[in-house]
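This report covers salt bridges, strand pairing and surface charge in one protein chain. The sequence and structure come first.

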Amino acid sequence: MAILESHGADEVVTGSCHLLKLKNGTTILVDCGMYQGKVEHRNWEPFGFDPAKVDVLLVTHAHLDHVGRIPKLVKEGFRGTIVATEATFELANVVLLDSAKLMEEEYRTLYRKAQRRGEEKKVRPPLYTVEDVQNVWLLPTTYAQYDKTLTVAKGVKAVYRNAGHILGSAFIELTYREGPEKHKIVFSGDLGNLKAIVMPKQEQPKTAPHLVIESTYGDRNHRPMKESIIEFKKAVKSTLLNRGNVVIPSFAIERTQDILCILKQMYLDGELPTCKVFLDSPMAIRATSVFDRYVSELSPQCQEFHRKDGDVFDFPGLHLTVDVEDSKRINEIDHGAIIIAGSGMCTGGRILHHFKHQIWDRRNCVIFVGYQAEGSLGREIVDGARWIKIYHEKVRVKAKIYTINGFSAHADQNELIRWMKGMKELGDIFLVHGELDKQLVLKKVIKKKLGKKAVIVKEGVDYKLDASQAKKIKSK
């Protein structure tokens, strides 16, 4: 029988990496993401399996916590085929190149400082380099199209269906044979928020004898999107009218595009006070250009923007900041600026520079519009830190802090239950991609509302997928 193992996103949100070992010897890996926050050190640990023995890598979407260790996988011997949607391949290249450049820059900085102390041998090299990323794309690749069946290995077929999470995202339905019997397992990847601004609603699988499902927000329901947008607008307008600046740490993919759409609609409706909007993230700028090339895969609102003026996200007053010196000059603006910068969890990137210059001023505000992992600087601020450390300097937090969780690109508890309940047949449920306390809550809700006993997946544990033992239920 087939065996499921997880080597990432087990009782944590980041590092998605799930291994399916079939009876015929075929080994399939679903995602190979980077750990972030307090578990970042796990990126340098061994995978727990031999990359050279993996036959195919199926990628659900291009977020760093789902693709961030692919170059490491290739460095350590993976030579199989990579399967993803076309948009995911484009975005993954943007994400991985940005990740490699940041790690190389950090390494050079730490190495120079260590040299002055005579401790350069103690500096750990980057997890991978730009060259390592380029080597990834030398491997065989297969473009998956939504709702089209493709053969990914001997006796194994896959169907990618739109997960509504980010551009190109998918949940994957895998079918395989063991002797005369046909088996199926569904990997949810990350499921989108039904009220998302940029993305369409996710599709619905008909059956899932075995289901591996994310649980990021398994313990709660999101605030209604309409209320979140109202709060966002209020925060922006009040700060600008009080002669302050707005700082928005934002993930380059999906969240940034959501924010641009809201600001564009505010401009069109005459709600946006006079200001300059800076998209201060080369990665987000590149990602946004990719979104523009796949308009047909975006929400009706985005398609309407494009129909009217030929561009989904651009509007008067928006400035795309690529050059570092231009980025630094933004902080010379005393008031009237909206600064959108990465990283989304404030673990690096240009947002740190803006915090250093903006977060100590009580006229300003910081708006968090995305998940902040435990151990990240963003989580510290959200949890009420009065002081933060930036570039070895303590900085007082005086700016007003807003946390607006309704913008999440993830399904909430109700949506996860609705998605599972919509299946005609549902068997074993494996919870991944969630912090343990959230998973424990979701596990109880699944038992109460679906009558199913979910399993919280642990790292490296073998889970046998025996179809005869998978008790299916009919959805009501």
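## Salt bridges

In this predicted model, a search of the whole structure gives 32 salt bridges. One of them joins Arg42 to Asp10, with the closest N and O atoms 3.2 Å apart. Arg42 sits in the loop between strand S3 (27–30) and strand S4 (56–58), and Asp10 in the loop between strand S1 (2–6) and strand S2 (18–21), so the pair ties together parts that are 32 residues apart in sequence. Arg42 counts as buried because its relative accessibility is 11%. Asp10 is buried as well, since its relative accessible area is 5%.

A salt bridge also forms between Glu90 and Arg293, where the closest N and O atoms are 2.4 Å apart. This pair links distant parts of the chain: Glu90 belongs to helix H3 and Arg293 to helix H7 (residues 282–293), 203 residues apart. With a relative accessible area of 25%, Glu90 is partly exposed; the cut-off for buried is under 20%.

## A sequence-adjacent pair and a network

Arg255 forms a salt bridge with Glu254, and the closest N and O atoms of this pair are 3.2 Å apart. Arg255 and Glu254 are both buried. Elsewhere, Arg379, Asp383, Glu435, Asp437 and Lys438 are joined into one network by salt bridges that share partners.

## Strand S15

Strand S15 covers residues 337–341, and 5 of its 5 residues are buried, so the strand is largely enclosed by the rest of the structure. Ala337, Ile339 and Ala341 point one way from S15, while Ile338 and Ile340 point the other way; all are buried. In a regular strand, side chains alternate between the two faces of the sheet.

S15 has parallel pairings with two strands named here. With strand S12 (residues 246–249), S15 pairs in the parallel sense over 4 bridges, and Val246 has Ile338 of S15 as its bridge partner. Strand S13 (residues 276–280) runs parallel to S15 and is joined to it by 5 bridges. Here Phe278 stands opposite Ile339 in S15.

## Strand S11

How many residues of strand S11 (residues 207–214) are buried? The count is 8 of the 8, so S11 is largely enclosed by the rest of the structure.

Strand S10 (residues 181–187) runs parallel to S11, and 2 bridges join them. The bridge partner of Phe187 in S11 is Val212. S11 also pairs with strand S20 (residues 425–432), in the parallel sense, over 7 bridges. In that pairing Glu214 stands opposite Val432 in S20.

## A positive patch on the surface

Which residues gather in a patch of positive charge on the surface? They are Arg108, Arg112, Lys113 and Arg116. Lys113 is placed in helix H3 (residues 86–117). Is Lys113 buried or partly exposed? Lys113 counts as partly exposed because its relative accessibility is 32%. Helix H3 also holds Glu90, the partner of Arg293 in the salt bridge to helix H7.

Note on methods. Residues are numbered from 1 along each chain as its sequence is written. This is a predicted model: local features need pLDDT of at least 70, side-chain atom pairs count only at pLDDT 80 or more; totals for chains, interfaces and linings use all residues. Side-chain values use heavy atoms; hydrogens and water are left out. Patches are made of residues with over 30% relative accessible area and no salt bridge: like charges are joined within 9 Å, nonpolar side chains (Val, Leu, Ile, Met, Phe, Trp, Tyr) within 5 Å. Accessible areas come from the Shrake-Rupley method with a 1.4 Å probe; for residues, only the protein chains shown count as cover. A salt bridge is a side-chain nitrogen of Lys or Arg within 4 Å of a carboxyl oxygen of Asp or Glu. Lys and Arg count as positive and Asp and Glu as negative; His and the chain ends are not counted. The place of a charge is taken as NZ of Lys, CZ of Arg, CG of Asp or CD of Glu. Buried means under 20% relative accessible area, exposed over 50%, partly exposed in between (1.4 Å probe, protein chains only). Two strands pair if DSSP finds at least two bridges between them.
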